Amino acid sequence: ELDDDLPAVANGWTVDSEDWAGDCTITGDAGTVQNLSCGPEDLGVTSRTVTVSTTVTTDDCGPLNNLATADGTNTDQVSDPGDITVLCAAIDVDKTPDAGEAQAGDEASFTIVTSNSGDGIAADATLVDDLPAVANGWTIDSEDWAGDCTIDGDAGSVQTLTCGPEDIEAAGDRTVTVSTT
């Protein structure tokens, strides 16, 4: 007989495949510890396999500690750990004026850094920024987004800066600088 208290995950666990004659079942609700139970079954000189899976979410970040236990009526109980660490992204955006003030006719610019301080990849990260309305409109001076950056809208009205989507690696960042005169 196999017994396994599966770690609590937002989407719950499902049995993908198993070869136990007594079948395997999972009891309990998603978001709580669920119990996987297989057997009992006379194994003889053989082994049995069960595969369970889930789709992890940001609610599941961190370690998923797991210990499976097998037992029989004529054998000692055995157990084995199998742990998974769910790596999650933690994105932040920092918009900095390159100067606090500008004289009429001088350049004004912003540098915007989108960073990922998490342990996982920030998948399909996108930056969207409504730039203030200025007579001459905004231009992109530099950017290192692989998905490129664009500015939409007419000079003299609010323009929208969009960068991405792009995966930002753990401890990575992307930067764009926009300016106007």
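In this predicted model, the side chain of glutamate 143 reaches back to the chain just ahead of it in a polar contact, lying 2.8 Å from the backbone nitrogen of tryptophan 145. Glutamate 143 itself belongs to strand β13, which covers residues 139–143. With a relative accessibility of 28%, glutamate 143 falls between the cut-offs of 20% and 50% and therefore counts as partly exposed. Once neighbours within four places in sequence are set aside, its contacts are Asp148, Cys149, Thr175 and Val176. Threonine 85 is another matter: 58 residues separate it from glutamate 143 in sequence, and the two C-alpha atoms sit 33 Å apart.

Moving on from β13, the loop between β13 and β14 holds alanine 146. This alanine has a relative accessibility of 64%, which is over 50%, so alanine 146 counts as exposed. Its C-alpha lies 8.8 Å from that of cysteine 163, with the two positions 17 residues apart in sequence numbering.

Cysteine 163 leads straight into the largest nonpolar core, which has 15 residues; Leu127, Leu161, Cys163, Val176 and Val178 are the ones that touch the most other members. At least two residues of this core come from each of β11 (108–116), β12 (122–131), β14 (149–152), β15 (159–168) and β16 (173–180). The top contributor is β12, which puts in 4 residues. Val176, one of the best-connected core members, is also among the contacts of glutamate 143. As for valine 178, leaving out residues up to four places away in sequence, it touches Ala108, Ser109, Phe110, Leu131, Trp138, Thr139, Ile140, Asp141, Ile151 and Leu161. Apart from this core there is another one, made up of 11 residues that include Val9, Trp13, Leu36 and Cys88. Such grouping fits a familiar pattern, because nonpolar side chains in soluble globular proteins tend to be buried together.

Leu36 of that other core also turns up in a sheet, where leucine 36 in β4 stands opposite isoleucine 26. The sheet is open and has 5 strands in the order β3-β4-β1-β7-β8, paired antiparallel. Its edges are β3 (24–27) and β8 (75–81), each of which pairs on one side only. On average, neighbouring strands here are turned by 15° against each other, ignoring direction. At the β3 edge, 4 bridges join that strand to β4 (residues 34–38), the two running antiparallel.

Terms used:
Residues numbered from 1 in each chain as written. Predicted model: local features only at pLDDT ≥ 70, side-chain atom pairs only at ≥ 80, totals over all residues. Heavy atoms only, no water. Buried < 20%, exposed > 50% of the residue type's maximum accessible area, 1.4 Å probe, protein only. Contact = heavy atoms within 4.5 Å. Polar contact = N/O pair within 3.5 Å; in protein donor to acceptor, adjacent residues only side chain to side chain. Pairing = 2+ DSSP bridges. Axes fitted to C-alpha atoms, helices over the stretch in contact; angles between N-to-C directions. Core = buried A, V, L, I, M, F, W, Y, C linked by side-chain atoms within 4.5 Å.
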